[in-house]
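Student: I would like to learn how to read the contacts in a model like this one. Could you take me through some of them?

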There are 2 protein chains.
Amino acid sequence: MTRSTGYAVRAILELAQKRGEFISSRQISKSQRIPYQFLRRILQELIGHELVLSKGGRSGGFKVARNPDLITVVDVMNIFQGEIQLSDCMFRNKPCVHRSNCVLRKRIVKIDEKVKNEFKNISIGGLLKDLKKQKGGL
Amino acid sequence: MTRSTGYAVRAILELAQKRGEFISSRQISKSQRIPYQFLRRILQELIGHELVLSKGGRSGGFKVARNPDLITVVDVMNIFQGEIQLSDCMFRNKPCVHRSNCVLRKRIVKIDEKVKNEFKNISIGGLLKDLKKQKGGL
DNA sequence: GACAAATGATACTAATTTAGTATCATTTAA
DNA sequence: TTAAATGATACTAAATTAGTATCATTTGTC
């Protein structure tokens, strides 16, 4: 998982926590300690994928665009990391010559599916519940 | 999984297939289509970790050093990728400030353990069996 | 209307990691 | 003696990831 993905999830989490209000990127940057400009770009990407809404101007900011239960970590990963794979099977550009009958690959593909399923089961809503349970900040 | 890891697994697999003989890096490079010099470095690394043995000179080459059932994919991953994690938790150098109570991290850690276990269950010996079953080359 | 504070859009730089190449010395069987 | 192998190490290149900077536009408030 890249930093972009992590930042994005945390940003959405903060928005989801204060659903209804518009929260500025400046504020999220401070509370989540994400480099401001980096966060800006991330949020714009999220707008492009319709995970968040924005309002310009003085009291502008961002808002989650959907029910947090319907936003999963995989959604976010896909935005920032494209289709993810545990292994690209040995040749980033050209696919490995042995791809079709590689025994290692077959094993990896299976694990890959399991992992994606795990991440698919983590929604922002779920993380919110975790947060409430643990009572501490964040 | 990086290319080094993949190459390494495949190289060991070829050695395991012809256990007993010394196989040259030149030959492995050809059959597995791994860049020769890259493979050389990988094999030396494997020697350092005592997964393979070598003999210099005219009819030299490499050999697996252990029972293939006792070499797992995780062993190889650890050599070339260090301790692996699905996420470094947002700050490659300094650990993320929120690390201790980050709900996302807690989820990731759990998945991480599962994945490692899956890879721990893939041994070179196991892959060899897969190979025999499928009958095709490689 | 002017201003301040926000987003929209986009270009750029830097750091890190990964992948791959090259070179020279040493070993060893034929 | 020589050819073909490994040992050791240095170097280059490509790609990805992370982070910074700039300027335009929007919008609430004084």
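Tutor: Gladly; let's start with a pair of helices. In helix 1 of chain A, A:S4, A:T5, A:A8 and A:V9 meet A:V73, A:V76, A:M77, A:F80 and A:Q81 of helix 4 of chain A. Contact here means that the C-beta atoms of two residues, placed from the backbone, lie within 7 Å. Helices (H or I, at least four residues) and strands (E, at least two) are DSSP runs, numbered from the N terminus. This is a predicted model, where local features need pLDDT of at least 70 and side-chain atom pairs count only at pLDDT 80 or more, while totals for chains, interfaces and linings use all residues. Residues are numbered from 1 along each chain as its sequence is written, and chains are lettered from A and ligands numbered from 1 in the order in which they are written.

Student: How do the residues of the contact of helix 1 with helix 4 of chain A divide by class?

Tutor: That contact has six nonpolar, three polar and no charged residues. Ala, Val, Leu, Ile, Met, Phe, Trp, Tyr, Cys and Pro count as nonpolar, Asp, Glu, Lys and Arg as charged, and the others, Gly among them, as polar.

Student: What describes the geometry of two packed helices?

Tutor: The angle between their axes and the distance between the axes. For helix 1 (residues 3-17) and helix 4 (residues 73-81) of chain A, the axes come within 9 Å and cross at roughly 140 degrees. That makes helix 1 of chain A oblique to helix 4 of chain A. The axes are lines fitted to C-alpha atoms, for helices over the stretch in contact, with angles from 0 to 180 degrees between N-to-C directions. Angles under 35 degrees count as roughly parallel, over 145 as roughly antiparallel, 65 to 115 as roughly perpendicular and the rest as oblique.

Student: Which pair in chain B is roughly perpendicular?

Tutor: Helix 1 and helix 2 of chain B, whose axes come within 10 Å and cross at roughly 115 degrees; the two are therefore roughly perpendicular to each other. There, B:R10, B:A11 and B:E14 of helix 1 meet B:I28, B:S31 and B:Q32 of helix 2. By class, this contact has two nonpolar, two polar and two charged residues.

Student: How is chain B related to chain A?

Tutor: A turn of 180 degrees with a shift of 0.0 Å along the axis lays chain B on chain A with an RMSD of 0.0 Å. That is the relation of a two-fold axis. Such copies are superposed by least squares on the C-alpha atoms of residues with pLDDT of at least 70 in both. In chain B, the C-alpha nearest the axis belongs to B:V115, 3.6 Å from it.

Student: How many residues does the contact take from each chain?

Tutor: It takes 29 residues from chain B and 30 residues from chain A. On the chain B side, helix 5 gives the largest share, six residues. That side has 16 nonpolar, seven polar and six charged residues.

Student: And which residues come nearest to DNA strand C?

Tutor: Of the 26 residues around DNA strand C, the nearest are B:T2, B:R3, B:P35, B:Q37 and B:G57. A residue is near a strand or molecule if its C-beta atom, placed from the backbone, lies within 6 Å of it. Helix 3 of chain A gives the largest share of this surface, four residues. By class, the surface has four nonpolar, 14 polar and eight charged residues.
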